[in-house]
Amino acid sequence: MATFGTLSTRLTESLKNLRGKGKLSAADVDGTIREIRRALLDADVSLNVVKKFTGDVRERALSDEVNKALNPAQQVVQIVNDELVAILGGSQRRLEFAKKPPTVIMLAGLQGAGKTTLAGKLAKYLAKDKHTPLLVACDLQRPNAVQQLEVVAGNAGVAVYSPEPGNGVGDPVQVAKDSIKFATDKQYDVVIIDTAGRLGVDAELMKQAADIRTATSPDEVLFVIDAMIGQDAVSTAQAFQDGVDFTGVVLTKLDGDARGGAALSVVSETGRPIMFASTGETLDDFEPFYPDRMASRILD
Ligand code: GDP
């Protein structure tokens, strides 16, 4: 997985400049912090997050903890690593399953973010873990979306519930509700609801997603966001948080030349954890998100 190519290189370079120095002066630390700040801003990390991150790193880097250490530069690298883990959410957050099945997982996000692909990836991942997922096609907006989900379900080897005549056609809220009854009757233990995407934040579709949420009381609402979205990451995430109040984030397209802004901003800006990462177009390019592993990869 390419991990934020340029950001990763620049952070590593800025920390290298401290190597070989014994005791670190405030000027040494400030020079490095300035470079880190620029690298983060150029990677489209939000200003709030950059301020908090550099403030926390500076405070700890100038503390006795560092200057008493045998290798102060190494200690600063450790601090940057710790603070990266913190802004990426600290520890891994796993899916919450319902006490009484089916567990309902709803997906929301902009069109093209990778929701439908993710539905297949998540289903395959859960099926490997002995779950019996049912994919539900509630994107009735985009022509072919239902068919696309059927293809994805076929590739993942899982069942799909699609609207058919007499089966709530045209009304995604009804389809979602009916699918849960269907899953209960047929003993599918996880329902994954794919909702309509939109090109921008669209009030009508946001209301539709909120109505699906209300009608199905999901155990998880996953906001799917393209890691390459750049500076729009925070405003888009906040609009979805206000509109549907998601419980977790899935970052997609981490295999591309992501600048890193989305990953490093959304947790702090929304208070919601990144739970999974999607790293390619095939169904196996998918993994749970571990903040510590991601931080190590960035600083590799
Ligand atoms: P949706 O509109 O949100 O349902 O998005 P889709 O699932 O249709 O995905 C949009 C495009 O992005 C498709 O061409 C997918 O193959 C591609 N895609 C989805 N996830 C990833 C990913 O993690 N990496 C890459 N490179 N492409 C992806």
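Visitor: What describes the packing of helix α5 and helix α12 in this model?
Guide: In this predicted model, α5 (residues 72-87) and α12 (residues 291-298) pack at an angle of about 135°, and their axes are 8 Å apart.

Visitor: Why is α5 called oblique to α12?
Guide: Angles over 145 degrees count as roughly antiparallel, and 65 to 115 as roughly perpendicular. The angle of about 135° falls in neither range, so α5 is oblique to α12. The crossing of the two helices is right-handed.

Visitor: Which residues make the contact of α5 with α12?
Guide: From α5 come N81, L84 and V85; from α12 come P291, D292, A295, S296 and I298. By class, five are nonpolar, two polar and one charged.

Visitor: What makes α1 roughly antiparallel to α2?
Guide: Helix α1 (residues 5-16) packs against helix α2 (residues 26-42) at an angle of about 175°, with axes 9 Å apart. The cut-off for roughly antiparallel is over 145 degrees, so α1 is roughly antiparallel to α2.

Visitor: Which residues make that contact, and how do they divide by class?
Guide: L7, R10, L11, S14 and L15 of α1 meet T32, E35, I36, R38, A39, L40 and D42 of α2. They divide into six nonpolar, two polar and four charged residues.

Visitor: Why are α10 and α11 called oblique to each other?
Guide: Helix α10 (residues 233-244) and helix α11 (residues 261-270) pack at an angle of about 40°, with their axes 9 Å apart. Roughly parallel needs an angle under 35 degrees, and roughly perpendicular begins at 65. The pair meets neither condition, and α10 and α11 are therefore oblique. Their crossing is right-handed.

Visitor: What makes up the contact of α10 with α11?
Guide: A233, V234, A237, Q238 and Q241 of α10 contact A262, S265, V266, E269 and T270 of α11. Five of these residues are nonpolar, four polar and one charged.

Visitor: How many residues surround the ligand, and which are the closest?
Guide: The ligand is surrounded by 17 residues, and the closest are G112, K115, T116, T117 and E281.

Visitor: What makes the pair between E281 and the ligand a polar contact?
Guide: A polar side-chain atom of E281 lies 2.8 Å from an oxygen atom of the ligand. The cut-off is a pair of N or O atoms within 3.5 Å, so this pair counts as a polar contact.

Visitor: How do you know that A113 and G280 also make polar contacts with the ligand?
Guide: A backbone N or O atom of A113 lies 3.3 Å from a ligand oxygen atom. For G280, a backbone N or O atom is 3.1 Å from an oxygen atom of the ligand. Both distances are within 3.5 Å, so both pairs count.

Conventions:
Residues numbered from 1 in each chain as written. Predicted model: local features only at pLDDT ≥ 70, side-chain atom pairs only at ≥ 80, totals over all residues. Heavy atoms only, no water. Axes fitted to C-alpha atoms, helices over the stretch in contact; angles between N-to-C directions. Helix = DSSP H or I, 4+ residues; strand = E, 2+ residues; numbered from the N terminus. Left-handed = near helix turned anticlockwise from the far one by under 90°. Contact = heavy atoms within 4.5 Å. Nonpolar A, V, L, I, M, F, W, Y, C, P; charged D, E, K, R; others polar. Near = heavy atom within 4 Å. Polar contact = N/O pair within 3.5 Å; in protein donor to acceptor, adjacent residues only side chain to side chain.
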